[in-house]
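Reader: I am new to this structure and would like a friendly walk through it. Could we take it one question at a time?

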Amino acid sequence: MLTRRHIRVKVMQSFYAFNQSQNDNLGTEEKFLLKSMEEMYDLFLVQLSLIEELKGQAENFLEKSQQKHLATSEEKDPNKKFISNAIFEIFKNNESLQDALESRKITHWKRDDDYVQIIWEALKKSDIYKNYMETRESSFKEDKEFIIAVFKEIIAPNEKLYDYLEDAKLTWIDDLPIVNTAVLKFLQKLKPNSAENMKLGNLYKNDDDKDFAKELFRKTYLNDDVLAKEMLGKTPNWDKDRIAEIDMILMKMAICEFLKFPSIPVKVTINEYLELAKEYSTPKSSIFINGVLDKLSKEYKEDNKLNKVGRGLM
């Protein structure tokens, strides 16, 4: 689920929290970094389980409607298209998903079903739902497109759900855009009869990515003074106090990659940190950071300090 860019974001966020807390315990902060990444996977499961719980809300709604003393003909013979949606069946029968929910104790919506009710009520009033329920039968394609639309337009932007997730875990709000993108990709990959062979995938693509997260955090921290000195003279007209804190963190991480990660191409490092600057720092940060990193990378190349391994890494 996590890409290298996601990992860089988490390391950046951890450094920012580290600086704010003024904690000097590297081990504690490293554990916090790894724990916060693990909790991203929990958030991924929480969002998937919320989709699954909507079926239960719909079933309760239909049951209550049928029990009305003066039920209408439509209420007596309700349209069950929603609760028969093929995606619900895949979720229910997929061992990989159900085992993950159980092992990680993802029971948020059993405890706080008020929020599932909030989403259900918003869904019922939406044009997405009304258009979907105009017929009683559907194809797998329609079912999947409907659930994707529900997630994108009803679940993801819901402000009350946002507040709930913010209260549930401090780091989740920063992780939400990444996780919601992962949920959408997961839904988009679903195929008919995929319950048996559908795999959730792991948090990390491989062990190298987990090691990368730890090493980037540790090497940047342990070389903080050296990395800061590397920037001396490369930030004309900018005093250290005037440089945004996020910009400082990003530049230190990038310089660390230049000098301490032989397998990562210089161009990849620069592009990655420019994208992070555009998303997480000030409007002019990417231009500023690009100037510093470009100047440094050229100097390192001239001085043979890059030590990159492999073709095309300079």
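Author: Gladly, and let us begin inside one helix. Asp211 and Lys214 both sit in helix H12, three residues apart, which is about one turn of the helix. Please keep in mind that this is a predicted model.

Reader: How far apart are the closest N and O atoms of Asp211 and Lys214?

Author: Side chains of opposite charge can pair when their charged atoms come close. Asp211 is partly exposed, with a relative accessible area of 33%, and Lys214 is partly exposed at 28%. The two form a salt bridge, and their closest N and O atoms are 4.0 Å apart.

Reader: Which residue meets Asp294 in a salt bridge?

Author: Asp294 counts as partly exposed, because its relative accessibility is 31% and that class lies between 20% and 50%. Its partner is four residues away in helix H16, so about one helical turn separates the two. The N to O distance of this salt bridge is 3.1 Å, and the partner is Lys298.

Reader: Which residues are joined into one network by salt bridges that share partners?

Author: The pair of Asp294 and Lys298 is a salt bridge in helix H16. Elsewhere, salt bridges share partners and join four residues into one network: Arg5, Arg8, Glu257 and Glu272.

Reader: How many salt bridges does the structure hold?

Author: Two have come up by name so far: Asp211 with Lys214, and Asp294 with Lys298. The count for the structure is 19.

Reader: How many residues apart in sequence are the parts that Asp42 and Arg104 tie together?

Author: Asp42 forms a salt bridge with Arg104, with the closest N and O atoms 2.9 Å apart. Asp42 is buried at 14% relative accessibility, whereas Arg104 is partly exposed at 28%. Asp42 lies in helix H2 (residues 26-66) and Arg104 in the loop between H5 and H6, so the pair ties together parts whose separation in sequence is 62 residues.

Reader: Is Lys105 buried or exposed?

Author: Lys105 lies in the loop between helix H5 (95-103) and helix H6 (108-111). Its phi is near 55°, a positive value in a residue other than glycine. The relative accessible area of Lys105 is 62%, and because the exposed class begins over 50%, Lys105 counts as exposed.

Reader: What is the phi of Asn304 near?

Author: Asn304 is found in the segment after helix H16 (285-302). At 63% relative accessibility, Asn304 counts as exposed. Its phi is positive, in a residue other than glycine, and lies near 55°.

Reader: Let us turn to the rings. What kind of aromatic pair do Phe18 and Tyr221 form?

Author: A search of the whole structure finds 17 aromatic pairs. In the pair of Phe18 and Tyr221, the centres are 5.1 Å apart and the planes stand at 90°. Because planes over 60 degrees apart fall in that class, the pair is edge-to-face.

Reader: Where do Phe18 and Tyr221 lie?

Author: Phe18 is buried, with a relative accessible area of 7%, while Tyr221 is partly exposed at 23%. The pair ties together parts that are 203 residues apart in sequence, because Phe18 lies in helix H1 (residues 4-21) and Tyr221 in helix H12 (residues 207-222).

Reader: Which residues form one aromatic cluster?

Author: Two of its members, Phe82 and Tyr129, have ring centres 5.9 Å apart and planes at 65°, so their pair is edge-to-face. Phe82 lies in the loop between helix H3 (73-76) and helix H4 (86-93) and Tyr129 in helix H8 (residues 127-132), so the pair ties together parts 47 residues apart in sequence. Phe82 is buried at 2% relative accessibility, and Tyr129 is buried at 13%. The cluster is formed by Phe61, Phe82, Phe88, Trp120, Tyr129, Tyr132 and Phe146.

Reader: Which residues form a negative surface patch?

Author: One of its members, Asp163, has its place in helix H10 (residues 159-168). Asp163 counts as partly exposed at 42% relative accessibility. The patch is made by Glu159, Asp163, Glu166 and Asp167.

Reader: Finally, what share of the residues in the chain is buried?

Author: The chain has 16 helices and zero strands, and its C-alpha trace spans about 85 × 40 × 35 Å along its principal axes. Thr269, in helix H15 (residues 266-280), is buried with a relative accessible area of 0%. Among the 314 residues in the chain, the buried share is 49%.

Terms used
Residues numbered from 1 in each chain as written. Predicted model: local features only at pLDDT ≥ 70, side-chain atom pairs only at ≥ 80, totals over all residues. Heavy atoms only, no water. Patch = residues over 30% accessible without salt bridge, like charges linked within 9 Å, V, L, I, M, F, W, Y side chains within 5 Å. Areas by Shrake-Rupley, 256 points an atom, 1.4 Å probe, with all protein chains shown as cover. Salt bridge = Lys/Arg side-chain N within 4 Å of Asp/Glu carboxyl O. Lys, Arg positive; Asp, Glu negative; His and termini not counted. Charge placed at Lys NZ, Arg CZ, Asp CG, Glu CD. Buried < 20%, exposed > 50% of the residue type's maximum accessible area, 1.4 Å probe, protein only. Phe/Tyr/Trp six-rings, centres within 6.5 Å; stacked < 30°, edge-to-face > 60°.
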